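Q: I've got a new model open and I'd like to learn how to read it feature by feature. Could you walk me through it?

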Amino acid sequence: MILVGINGYGTIGKRVADAVSMQPDMNVAGVVKTRPTHEAKHAIKSNYGLYANNRENMQKFIEADMAVLGTLEDLIDKSDIIVDCTPGKIGAANKPLYVSKGIKAIFQGGEKPDIAEVSFNSQGNYKECIGKDYARVVSCNTTGLCRTLGAIEQAFGGIRKTRITLIRRGPDPGNSSKGPVNAIVPNPVTVPSHHGPDVNTIFPDMDIMTSAVVVPTTLMHLHTMIVELKNPATTGDIIKLFKNTPRIILVRASEGIASTAEIMEHARDIGRKRGDLNEIAVWEESINVVGNELFYIQAIHQESDVVPENIDCIRAMCGLTQNASESIAMTDKALGLTMN
Ligand code: NAD
């Protein structure tokens, strides 16, 4: 049984902790918080040992009468691997501690790629991660791009090039201090956005250009995709491929799922914890092959699509299985993800 320490118990960290606790081959060693917030209380209720990031902050938990078991260093000593889910750039500050303690660590997409030996996507490059000490699970948007583009590349003998517009949510639903409130913001204003080069950390040879704007919504990111195929495929072939690929689901406007709001309602309807949708949702009606160009529109649940990748990344780094499909199937079964 692999013991997993989770440093940073926010949007991603609490979901990774729950997902770890549902797997048959790993357990939560504990979670790290900086302050005695409602999330810290929830960690204790969930029976995750609570640790402070340092001695000074540990005192704040004691003063708030919260059961704190020690500091990050104590948690590292109890863990086989740390999943660092702290806000972007803090993982880089934490890395020297992981190195000095000789513990494996997974970082998230808010960190620069060079923080780790390898960037990770389950279907894209599981094998490259086997036995590694430091890996970075790519961001929510990059994970979404890798899921569908990787499936197309592997099934149809390659992609000639791809051009993508990302329409990004302003903040996460729980973050009331961020906007935009009434604007569309090119973000970044430069092209390509960082997403294309980030996909190249998984698929180095893919010709991909991305541009991105941020809009006033908290409900998902949306990508409009144009993919030039190397080999012929029909619209039906692509629909069949997406139907048969793990962690991609097809949704239909004709059945009332016409927006990201309705996708989120669907996730709640099917009983997903927190209303999460770990899969990438592709609108079936948007899939269209014209000549050698494929068009489709997909939506990304930013808070949860990277969660199964973190689980697979733990398995690869800890050598629990050498086989990507086996890990994906095990993760998805434990999380209750089913195919279309
Ligand atoms: P978050 O702000 O929701 O959560 C981060 C947590 O870490 C908070 O609880 C915060 O209090 C805690 N924290 C802050 N400093 C800390 C420290 N020094 N030590 C320990 N804990 C500390 O952030 P998030 O959205 O969960 O993002 C975490 C990482 O995941 C980032 O790299 C981000 O880019 C990436 N990511 C986020 C999303 C998303 O949509 N939220 C999606 C994919 C990847």
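Q: Let's start with confidence. Which element of the protein chain has the lowest mean pLDDT, and which the highest?
A: Where pLDDT is low, the predicted coordinates shouldn't be read in detail. This is a predicted model, and here helix H2 (residues 38-45) has the lowest mean at 96, while strand S4 (residues 81-84) has the highest at 99. For the chain, the average pLDDT is 97, with 99% of the residues scoring at least 70.

Q: On to the ligand. How many residues surround the ligand, and which are the closest?
A: For a shell like this, count any residue with a heavy atom within 4 Å of the ligand. That gives 23 residues, the closest being Thr 11, Ile 12, Lys 33, Gly 110 and Asp 172. By type, the shell splits into eight nonpolar, 11 polar and four charged residues. Domain 1 (2-138 + 306-335) and domain 2 (140-300) each supply at least three residues to the shell.

Q: What polar atoms of Asp 172 and Ile 12 lie by the ligand?
A: Look for N or O pairs within 3.5 Å. Asp 172 puts a polar side-chain atom 2.6 Å from a ligand nitrogen. With Ile 12 it's a polar backbone atom, 2.9 Å from a ligand oxygen. Tyr 9 also has a polar backbone atom 3.5 Å from an oxygen of the ligand. As for cover, the protein takes up 80% of the 830 Å² of accessible area the ligand has on its own. Helix H1 (11-21) and strand S2 (26-33) are the elements that give two or more residues to the shell.

Q: Is Arg 15 buried or exposed?
A: Buried means under 20% relative accessible area. Arg 15 comes in at 8%, so it counts as buried. This arginine sits in helix H1, and its side chain makes a polar contact of 2.8 Å with the side chain of Asp 276.

Q: Where's the peptide bond to Pro 188, cis or trans?
A: Omega is the angle to check. From Asn 187 to Pro 188 omega is near 5°, and the bond is cis. Pro 188 lies in the loop between strand S9 (185-186) and helix H8 (195-199). Val 191 and Pro 192 are also joined by a cis peptide bond, with omega about 5°, and Pro 192 is placed in the loop between S9 and H8.

Q: And phi: what is the value for Asp 65?
A: Asp 65 has phi near 60°, a positive value in a residue other than glycine. Asp 65 is in the loop between helix H3 (55-63) and helix H4 (72-78), and at 72% relative accessible area it is exposed. Arg 274 also has phi near 60°, but at 33% relative accessibility Arg 274 is partly exposed.

How values were computed. Residues are numbered from 1 along each chain as its sequence is written. Side-chain values use heavy atoms; hydrogens and water are left out. A polar contact is a pair of N or O atoms within 3.5 Å; within protein, one must be able to donate a hydrogen and the other to accept it, and residues adjacent in sequence count only if both atoms are side-chain atoms. Accessible areas come from the Shrake-Rupley method with a 1.4 Å probe; for residues, only the protein chains shown count as cover. Helices (H or I, at least four residues) and strands (E, at least two) are DSSP runs, numbered from the N terminus. Ala, Val, Leu, Ile, Met, Phe, Trp, Tyr, Cys and Pro count as nonpolar, Asp, Glu, Lys and Arg as charged, and the others, Gly among them, as polar. Domain bounds come from an automatic or database domain assignment. pLDDT is the predictor's confidence in each residue, from 0 to 100. Buried means under 20% relative accessible area, exposed over 50%, partly exposed in between (1.4 Å probe, protein chains only).
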